[in-house]
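Welcome! Please take a moment to look over the sequence and the model shown here, and then read on for a short guided tour.

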Amino acid sequence: MAELRLEELSARTVVAANALTLKPGQEQFIAPVSYSAAAAVADPSTSWQRVVLDGDDVVGFIMGDFNPHAEHDEFKAILWRINVDADDQGRGIGTFAVRALADEARARGVERLYVIWESGELGPEQFFLRTGFQPVGETQYGETIGALEL
């Protein structure tokens, strides 16, 4: 594995980010209902979107949002989406991306980063718990709200 690095999502990398694959069964967890609801009102100026590169290859994508004016605390600093290509999962790429988002949050003076996930056998819960998120609540749709203390 070459040294991982982040790069802002751009016209050059968006096609590769969109082509990232999932393991069978993971597709049902890619966009919780809360994501769809928030995306309808998300401000592009608060979005933080990065691809993870291994050498010249896009192997992951992460999207966070920093909106200090959001009505609900969990939407003020949140990990909205993370995707690591199926063939590259288990190599630390997702953890690398989450740490980078947490570093960005700290640099912005944020003390708590949130994520929302759906429970399920092939879902992301164990990944989020391993990266330090702890369940702190539930959305109106029954999804878990997790928080990472920074």
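## The overall layout

Helices (H or I, at least four residues) and strands (E, at least two) are taken here as DSSP runs, numbered from the N terminus. Counted in this way, the protein has 4 helices and 7 strands. Starting at the N terminus, the elements follow one another as β-α-α-β-β-β-α-β-α-β-β. Please keep in mind that this is a predicted model.

How much of the protein is buried? Of its 150 residues, 44% are buried. Contacts across the sequence are also worth a look: among those with a separation of 6 or more, 63% are between residues 24 or more positions apart.

## How confident the prediction is

The mean pLDDT of the protein is 88, and 88% of the residues reach 70 or more. Residues 32-37 are a stretch to read with care, since the pLDDT there is below 50. Beyond near neighbours in sequence, this stretch has 15 contacts in the model.

## The sheet

In what order do the strands of the sheet lie? The 7 strands form an open sheet in the order β1-β2-β3-β4-β5-β7-β6, and their pairing is mixed. At the edges are β1 and β6, each of which pairs on one side only. From one strand to the next, the twist averages 30°.

## A hairpin to find

Now follow the chain to strand β6 (residues 134-138) and strand β7 (residues 144-149), which pair in the antiparallel sense over 4 bridges. You can trace this pairing residue by residue: E138 has T144 of β7 as its bridge partner, and G137 stands opposite I145 in β7. Between the two strands of this hairpin there are 5 residues. Look there for G142, which takes a positive phi near 90°.

## Salt bridges

How many salt bridges does the model hold? The count comes to 9 salt bridges. One of them joins the side chains of R5 and D56, at 3.8 Å from N to O. R5 lies in strand β1 (residues 4-8) and D56 in the loop between β2 (47-54) and β3 (57-66), so this pair ties together parts that are 51 residues apart in sequence. The two partners can also be described by their accessibility: R5 is partly exposed at 34%, while D56 is exposed, with a relative accessible area of 69%. R5 and D56 also belong to a network of salt bridges that links them with E7 and R12.

Two further salt bridges are easy to look up in the model. D73 and K76 meet through their side chains at 3.4 Å, N to O. D73 is partly exposed, with a relative accessible area of 48%, and K76 is partly exposed as well, at 30%. In the salt bridge of D88 with R91, the closest N and O atoms are 2.3 Å apart. Is D88 buried or exposed? D88 has a relative accessible area of 15%, so this residue falls on the buried side of the cut-off, which is under 20% relative accessible area. Its partner R91 counts as partly exposed, at 28% relative accessibility.

## Aromatic rings

A search of the whole structure finds 4 aromatic pairs. F128 and F133 form an edge-to-face pair, with 5.8 Å from centre to centre and 80° between the planes. Both rings belong to buried residues: the relative accessibility is 4% for F128 and 0% for F133. Which residues do ring pairs link into a cluster? The cluster is made up of W117, F127, F128 and F133.

## A glycine in a loop

To finish the tour, find G92, which sits in the loop between β4 (77-84) and α3 (93-107). G92 is partly exposed, with a relative accessible area of 36%. How far apart are G92 and L4 in sequence and in space? They are 88 residues apart in sequence and 9.6 Å apart in space, C-alpha to C-alpha.

Note on methods
Residues numbered from 1 in each chain as written. Heavy atoms only, no water. Pairing = 2+ DSSP bridges. Salt bridge = Lys/Arg side-chain N within 4 Å of Asp/Glu carboxyl O. Buried < 20%, exposed > 50% of the residue type's maximum accessible area, 1.4 Å probe, protein only. Axes fitted to C-alpha atoms, helices over the stretch in contact; angles between N-to-C directions. Phe/Tyr/Trp six-rings, centres within 6.5 Å; stacked < 30°, edge-to-face > 60°. pLDDT = per-residue confidence, 0-100. Contact = heavy atoms within 4.5 Å.
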